[in-house]
Amino acid sequence: MAIAEEGIVRSELRWAAISIGVVSVIMLAIIYAGLVHHINPPSNIETIDPKTLHLTGEFSEPNLGTRVAADGQITSRIVATQFTFVPRCIVLPANRPVTLRFATPDVIHGILVTGTNVNTMIVPGYVSQVHTVFTRTGDLLMPCHEYCGLGHSEMSATVRVVPPGDFKPDSQGGVSCDAR
Amino acid sequence: MTHARNLTFAHLWVAFIAFTIALVLGVWQMWARSPLPAPFLTASTYFSSVTAHGTATAYVLTTFMVMGFGYYVAETALARPLPAPRWAWIAFALGVAGTLMAVVTILTGRAAVLFTFYPPLIASVFYYLGLVLVVAASWIWCVLMLIAMGQWKRANPGRPVPLAMFATVANAVMWLWTTVGVAAELLFQVIPAALGLKAEMDVGLSRTLFSWTLHAIVYFWLIPSYIAFYTMVPQAAGGRLYSDTMGRLTFVLFLLYSLPVGLHHLLMDPQQSNAFKFLQVALTALVSVPTLLTVFTIGASLEIAGRLRGGRGLFGWIAALPWERPMVLATGLAFLMLGLGGFGGLINMSYGMNAMVHNTSWVTAHFHLIFGGTVVIMYFAIAYAIWPTLTGRAAPSLALQRLQLWLWFIGMLVMTLPWHTLGLLGQWRRVATFNYADPIIAAWGPWVIVSLIGGVILLASGLLFVYNLLEFNVAREPNAEAPGALYATAVHPPARVPATLNGFRLWNALVLVLMVLAYGYPLAQFFIIKSPEALVHRVDERR
Amino acid sequence: MATGPSDQDLERVMREVPRGAFALAALTTGLLLAGWLLVYFLIFLPRGMVS
């Protein structure tokens, strides 16, 4: 026989090596994006009690929306609940590092922000956190993208990205959509 | 064939009937999401339809196809009667009863939780019990496959188990491992909640348990198609299987690497660490290898066939292949869809890149293309190939079979290619009606309609498939071939294979090691960090 | 349906195989990698950092 089984297996192993090589290129690019461009999944594993989060602490209603802390850190806190986001609109500056933090008192939700890599699940029992820098201004759509019950289709919020000059915190450091 | 004939008929007809219903629901769902007004549309009917569509395609079509084809392989590849056929029929009855229980519950609006069930959303307990019965039926099938292979090995000491059966049993072993995740989630969390025994549940734990099942299950679905690639396609094309050994290795690699990768479905979840997400991404990269190997091995097998038919040069053998044969045509179309669907999958699994596509229509596009496309088109081809031996009649019209396959391919591309774009534009999933007044969403409208047209083509193809099978009943010419003639011969049929490629003891041990490594801490963490539980939200209350 | 190739015919074609399969597999895998890299550089990275 012109080609024996060893020859066949050798050709397969040669192809397997090439396949692993191709897949390795992809893995290296992924690692590069993670380490150099700081693009990683949202994985902060921070717990919160869904039954009490609306009553006190970080996710009580007066504390929601965008706030600039004394040290200049910009954080937007949003509660996802059947079937709305509180607040339904947040303002954030472009070209500045910002943090979005989400929690839910009821079921699984999730968000994406159109045109960006901002994407996270919102799981009852956990705080979801995404650090990012918005590069383009405008009104971005932030829908709930995970099935959360019959009202899921209507659940959506707006992320208003403004030029840094237009981002003006009030006396408590808060910035809201209504203030415009 | 002794017992398999009726068993295979029964299972495959249940599979295809469920599938046809799912197609109708799918088209209606796409109509609902489009700018065109759809009838009967409320949130309740839409999400019940999505649950039914997902349950019918992901749990019923697949499980019954795997079981029915498995019984067929067990008798025809091993050339001996199936052991304990009574148990096979008990399993069938359990599976049908479970399916009916789940379907009735869904149609009465008491199970709008989708086939991935989103705890703490909790449906009527009868939805979950229905699925438990289907899984129990499949476990009986697994045991029967193991017994059949064991009996053959004792009767044929030292000889290699025929590849089709080796692969079928690899699938059975993998399925037993796969179902542990969802079984634990149902048994310890979801069903107690559905029975009202628990008012709270740990959602992070339930999502992680479900992810254990969620990826490996797709390999449970695709292995019959790969069995066709390796053991039927070379024969249908008039060639030989390039390497029997590599075939065995491919199915072993699927057994090993389809399981410890489920966290790639939870890359955007806050309750798992980057460390374990990255580990499972690396393992996912490895599970692409058996598919890349398959492309080469089956390519080489078809190249043998093409060159035997006079094809010359680097690519001339492709045109020389007997494309008029449905099994060959289906394979070509399957491989085209595998390329596109595999591309989508590589994007999905790429760690941080998942953020670009998670829960958008890109994901919907990926799994419809890779499962609905590559895998299901081979289900059609398998049915067309074995129907003559089941019915005793020759195929009445190969032209109609080819037309059906082409319609499926075209419909699948027309439906899924727009979804890829829409996903990147931000179109998100599980929406009953879009607000087309919003300018961002309005721009999507035309593409949604194009996608809907693809769905209608698929429905037509699905109906033609059923028609083609029914036509056998009125066909005149008797079938001339024995079932065994369907199976391919290798270039070098092995006289012996190492025990590791003839059985699963070593691989089971390795699976255990991999699962402890990949899932050990991700599951244990829920018992270490006291994560607060979420309140159960029932969806089955009558309003 | 084919009754199977003769040993002579099989011997003849096995001198070429798997050149064609290799070419096809390399082409398709190359396209896959190229597509992935296009998405990586043109869509993914420009969408910005998240962590």
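**Close-ups of a predicted three-chain model**

The side chain of Thr391(B) reaches the backbone nitrogen of Arg393(B) at 3.2 Å, which fits the rule for a polar contact (a pair of N or O atoms within 3.5 Å; within protein, one must be able to donate a hydrogen and the other to accept it, and residues adjacent in sequence count only if both atoms are side-chain atoms). This is a predicted model, where local features need pLDDT of at least 70, side-chain atom pairs count only at pLDDT 80 or more, and totals for chains, interfaces and linings use all residues. Residues are numbered from 1 along each chain as its sequence is written, chains are lettered from A and ligands numbered from 1 in the order in which they are written, and side-chain values use heavy atoms, with hydrogens and water left out.

**View 1. Thr391(B) sits in helix H13 (residues 361-391) of chain B.** Helices here are DSSP runs (H or I, at least four residues), as are strands (E, at least two), numbered from the N terminus. With a relative accessible area of 16%, Thr391(B) is buried; that word means under 20%, while exposed is over 50% and partly exposed is in between (1.4 Å probe, protein chains only). Leaving out residues up to four places away in sequence, Thr391(B) touches Phe9(B) and Phe472(B), where contact means heavy atoms within 4.5 Å.

**View 2. Chain B meets chain A through 71 residues of chain B and 57 of chain A.** About 5,300 Å² is buried between the two, with carbon and sulfur atoms giving 68%; buried area is the accessible area (1.4 Å probe) that two parts lose on being put together, summed over both. Pro270(B), Trp428(B) and His492(B) supply 13% of what chain B buries here, more than any other three residues. Look for 25 residue pairs in polar contact, both at pLDDT 80 or more. On the chain B side, H9(B) gives the most, with 12 residues. That side has 40 nonpolar, 21 polar and 10 charged residues (Ala, Val, Leu, Ile, Met, Phe, Trp, Tyr, Cys and Pro count as nonpolar, Asp, Glu, Lys and Arg as charged, and the others, Gly among them, as polar).

**View 3. Lys51(A) and Glu200(B) form a salt bridge, their closest N and O atoms 3.4 Å apart.** The term means a side-chain nitrogen of Lys or Arg within 4 Å of a carboxyl oxygen of Asp or Glu. Between chain B and chain A the count is 2 salt bridges.

**View 4. Chain C and chain B each bring 29 residues to their contact.** The area buried there is about 2,700 Å², and carbon and sulfur atoms give 78% of that. The rule finds 0 salt bridges across this interface, and the polar contacts come to 4 residue pairs, both at pLDDT 80 or more. H2(C) gives the most to the chain C side, with 17 residues.

**View 5. Arg240(B) is buried yet has no salt bridge.** Arg240(B) lies in the loop between helix H7 (233-237) and H8 of chain B. Asp7(C), the nearest side chain of opposite charge, is 5.3 Å away (Lys and Arg count as positive and Asp and Glu as negative; His and the chain ends are not counted). The side chain of Arg240(B) does reach the backbone oxygen of Ala490(B), at 3.1 Å.

**View 6. Arg307(B) and Glu303(B) pair up in a salt bridge, with the closest N and O atoms 2.8 Å apart.** The two are separated by about one helical turn because they are 4 residues apart in helix H9 of chain B. Both are buried.
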